[in-house]
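Biologist: Before I rely on the descriptive terms used for this protein, I should like to hear how each one is justified. Please set each value against its definition.

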Amino acid sequence: MKKLTLLFSVWIWCLISSAQTYSINVDEALVEFNYVSEETTGKIKGVSGEIKFDPNNLSDFQFEAKAHISSINTSNNMRDKHLNSSDYFNTQLYPYITFSAKSLEKKESYFLLTGNMTIKDIVKEESIKFTFEDGVFVGICVIYSNDYQVHEQKTREKSKILIKINVPIL
C-alpha cells in the first residue's frame, strides 16, 4: 500500500510541476511580415504545432511550429501566386516554414527562444523574442531572405524581413 501511495504521490507531483502544454488556435494564429526593402507586407496563416511552457521552469519547454506558406497573403493575388512558385518559396516542394526551439531564456521584459528555422530545407539558427499575455504568445524576430535563398538581394541588409508571430491558445 505504501508503494502505491508513493507512486500516486509522485504521479500527482509530476502533473502539478510540469510545464503547461498548450493547443494553438490554428484559425487565429498567424505570421505577419514586412519585407523592408521591397515595401511588402503580408500574412501567413495555417500556424500549428506543439507548445509546452512554464515561465517558472524554463528547463521544461517545447516550441515546435510550422506555418503553411501557401496561405501567404500580401493583398495582391498575382504576387501571392508568384511567391508560391519555384522562383520564391516553391511551396509544392517546401510547403512549410518550421521552427524548432533549442533554448529558452528569461530576459527583463520578454523571453528569448532560440532554435532552428527551416525554409526550403535550409536550416538557420534564429532567435525569437516573445511575451505571453492573455492567452497569446506574441513574438518578433528578424530574418534575411538571402539566408534562405528566397529572393536574394545584393546585400544581406536589403534582404531584411521583420516578423511578428501571433499565437493564441485554446
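Biologist: Why are F53 and F137 each called buried or exposed?

Modeller: Both F53 and F137 are buried. Buried means under 20% relative accessible area, exposed means over 50%, and partly exposed lies in between (1.4 Å probe, protein chains only). Please note that this is a predicted model, in which local features need pLDDT of at least 70 and side-chain atom pairs count only at pLDDT 80 or more, while totals for chains, interfaces and linings use all residues. Residues are numbered from 1 along each chain as its sequence is written, and side-chain values use heavy atoms, with hydrogens and water left out.

Biologist: What makes F111 and F130 a stacked pair?

Modeller: Their ring centres are 5.3 Å apart and the planes differ by 25 degrees. Rings of Phe, Tyr and Trp (its six-membered ring) pair if their centres lie within 6.5 Å; planes under 30 degrees apart count as stacked, over 60 as edge-to-face and the rest as tilted. The distance therefore satisfies the pairing limit and the angle the stacked limit. F111 belongs to strand β7 (residues 111-119) and F130 to strand β8 (residues 122-133), so the pair ties together parts that are 19 residues apart in sequence. Helices (H or I, at least four residues) and strands (E, at least two) are DSSP runs, numbered from the N terminus.

Biologist: How do you know whether F111 and F130 are buried or exposed?

Modeller: F111 has 9% relative accessibility and counts as buried. F130, at 4%, likewise counts as buried.

Biologist: Which residues do ring pairs link into a cluster?

Modeller: The cluster consists of Y22, F53, F63, F111, F130, F132 and F137. The structure holds twelve aromatic pairs.

Biologist: Why are β1 and β3 said to stand at the edges?

Modeller: The open sheet has ten strands in the order β1-β4-β5-β6-β7-β8-β9-β10-β2-β3, with antiparallel pairing. β1 (20-22) and β3 (40-44) each have a single partner strand, so one side of each is left without a neighbour in the sheet.

Biologist: What makes β5 and β6 a pair?

Modeller: Two strands pair if DSSP finds at least two bridges between them. β5 and β6 have five bridges, in the antiparallel sense, and therefore qualify. A67 stands opposite I97 in β6.

Biologist: Why is D147 called buried, and what does its side chain contact?

Modeller: D147 counts as buried because its relative accessibility is 18%. D147 is placed in the loop between β9 (136-144) and β10 (160-168). Its side chain makes a polar contact with the side chain of R156 at 2.8 Å. A polar contact is a pair of N or O atoms within 3.5 Å; within protein, one must be able to donate a hydrogen and the other to accept it, and residues adjacent in sequence count only if both atoms are side-chain atoms.

Biologist: What sets S75 and N90 apart in accessibility?

Modeller: S75 has a relative accessible area of 72% and is therefore exposed, whereas N90, at 15%, is buried. S75 has a positive phi of about 65 degrees although it is not a glycine; for N90, also not a glycine, phi is about 50 degrees.

Biologist: How do you know where to be cautious about confidence?

Modeller: pLDDT, the predictor's confidence in each residue from 0 to 100, stays under 50 over residues 4-17. Where pLDDT is low, the predicted coordinates should not be read in detail. The protein's mean pLDDT is 90, and 89% of its residues reach 70 or more.

Definitions and conventions:
Contact means heavy atoms within 4.5 Å.
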